[in-house]
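Q: Could you take me through one part of this predicted model up close? I'd like a connected story rather than a list.

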Amino acid sequence: MTLSIPEKLAAVASRVHACELRHARPQGAVRLIAVSKTQPAESILAAHAAGQRDFGENYLQEALDKMQLLADQPLTWHFIGPIQSNKTRELASNFDWVHTVEREKIARRLHEQRPPARGPLNVLLQVNVSGEASKAGVSLAELPTLAAAVAALPGLKLRGLMAIPAPEADIDRQRAAFRLLADAAKRLQAEGYPDCTELSMGMSQDMEAAIAEGATMVRIGTDIFGPRIKGSE
Ligand SMILES: *Cc1c(COP(=O)(O)O)cnc(C)c1O
């Protein structure tokens with residue numbers, strides 16, 4: 001049986017709510033980001049008609065094409081992919097949130113290129129909590145320096161942290177990685193960045209661990225939209 005997008009969205013939303021309940025999180029504490037990369041604009045419309053507002057995209061050109069088609073819809077757009085420095089102008093002009101800031105140079109460009117009329121761009125710093133050499137993200141050691149640099153840029157608003165930990169099958173190990181991110185955000189809040197409260201962590205395989213450790217945004221794609229569409233990546 002093939003479920004429709006509204007049915008799959010409702011199933012994911014109820015998983016999120018069940019995890020909130022199980023881990024004593026306030027209801028509605030976790031925002032579901034529907035990751036719509038490779039999916040057509042009609043699928044985004046179908047999810048929006050079912051009440052979904054936040055959408056995550058990884059590929060800039062693909063995202064811009066869909067934003068143009070959906071310009072009359074009140075959607076909130078999150079950029080969750082790697083950032084190329086020659087693409088920052090379009091990112092700064094078109095997105096509401098960027099989850100993957102990991103370098104000061106990129107932050108500076110986003111700040112300079114953010115149209116003032118749109119207000120400061122909401123920024124999360126991507127942290128490499130697993131310490132893998134190949135993984136994206138600033139190290140925990142370098143995070144305070146990057147946070148200070150970003151917080152000083154009025155075109156940006158430092159809202160929190162994001163991570164994609166190395167896959168782990170065991171929930172306690174998943175939780176340990178997310179706890180590192182949550183603790184880092186608490187330290188930043190205590191050190192003078194009180195708005196650094198958002199934690200973008202958790203995908204379909206590790207959502208429960210992330211919510212248990214304080215995720216405020218989970219990023220789910222395939223479980224809502226079905227398999228990624230080949231050829232559009
Ligand atoms: C693609 C992606 C997701 C969603 O992955 P699915 O397997 O489709 O649920 C979440 N976060 C990031 C950063 C992604 O690139």
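To start with, in which helix is the place of Lys8? And please carry on from there into the surroundings.

A: Lys8 sits in helix H1, and since we're looking at a predicted model, take everything here as computed from it. H1 runs over residues 5–22, which makes 18 residues. From its first C-alpha to its last it reaches 26 Å, close to the 26 Å expected at 1.5 Å a residue.

Now for the way H1 is packed. Its buried residues are Ile5, Lys8, Leu9, Val12, Val16, Cys19 and Glu20. Look down the axis of H1 and these buried residues fall within an arc of 125°, so they line one face of the helix. The general background helps here: an α-helix has 3.6 residues a turn, so residues three or four places apart point the same way. On the other side of H1 you'll find Leu21 and Arg22, both exposed. Just after the helix, Ala24 takes a positive phi of about 55°.

What lies over that buried face? The cover includes strand S1 (31–35) and helix H2 (41–49), and also, from further along the chain, helix H8 (207–212), strand S8 (217–220) and helix H9 (222–225).

Back to Lys8 itself. A lysine on the buried list may catch your eye; Lys8 counts as buried because its relative accessibility is 18%, under the 20% cut-off. Leaving aside neighbours within four places in sequence, Lys8 is in contact with Leu3, Asp223, Ile224, Phe225 and Gly226. Take Gly226 from that set: 218 residues separate Lys8 and Gly226 along the chain, yet their C-alpha atoms are 8.6 Å apart. Of the other contacts, Asp223, Ile224 and Phe225 bring us back to H9, residues 222–225, one of the elements covering H1.

That stretch of chain also takes us to the ligand. The residues around the ligand include Arg219, Ile220, Gly221, Thr222 and Arg228, with Val35, Lys37, Asn58, Ile80, Ile164 and Met203 also surrounding it. A polar side-chain atom of Thr222 lies 2.7 Å from a ligand oxygen atom, and Lys37 likewise places a polar side-chain atom 2.7 Å from an oxygen atom of the ligand. For Arg228, the distance from a polar side-chain atom to a ligand oxygen atom is 2.5 Å. Altogether the protein covers 88% of the 390 Å² of accessible area that the ligand has on its own.

From Arg219, one of the residues around the ligand, you can step to Ser200. The side chains of Ser200 and Arg219 make a polar contact at 3.0 Å, and the Ser200 side chain makes another with the side chain of His99 at 2.9 Å. Ser200 belongs to strand S7 (residues 198–200) and, at 0% relative accessibility, counts as buried. Not counting residues up to four places away in sequence, Ser200 touches His99, Leu124, Leu161, Met162, Ala163, Met217 and Arg219.

Last stop, Thr100. This residue is in strand S4 (residues 97–101) and is buried at 3% relative accessibility. The Thr100 side chain reaches the backbone oxygen of Gly81 at 2.7 Å. Among the residues Thr100 contacts, beyond those within four places in sequence, are Phe79, Ile80, Gly81, Leu124 and Met162. Leu124 and Met162 also turn up among the residues Ser200 touches, while Ile80 is one of those surrounding the ligand.

Key: Residues are numbered from 1 along each chain as its sequence is written. This is a predicted model: local features need pLDDT of at least 70, side-chain atom pairs count only at pLDDT 80 or more; totals for chains, interfaces and linings use all residues. Side-chain values use heavy atoms; hydrogens and water are left out. Helices (H or I, at least four residues) and strands (E, at least two) are DSSP runs, numbered from the N terminus. The expected span of a helix is 1.5 Å times one less than its number of residues. Buried means under 20% relative accessible area, exposed over 50%, partly exposed in between (1.4 Å probe, protein chains only). The arc is that of the directions from the helix axis to the C-beta atoms. Contact means heavy atoms within 4.5 Å. A polar contact is a pair of N or O atoms within 3.5 Å; within protein, one must be able to donate a hydrogen and the other to accept it, and residues adjacent in sequence count only if both atoms are side-chain atoms. A residue is near a molecule or strand if one of its heavy atoms lies within 4 Å of it. Accessible areas come from the Shrake-Rupley method with a 1.4 Å probe; for residues, only the protein chains shown count as cover.
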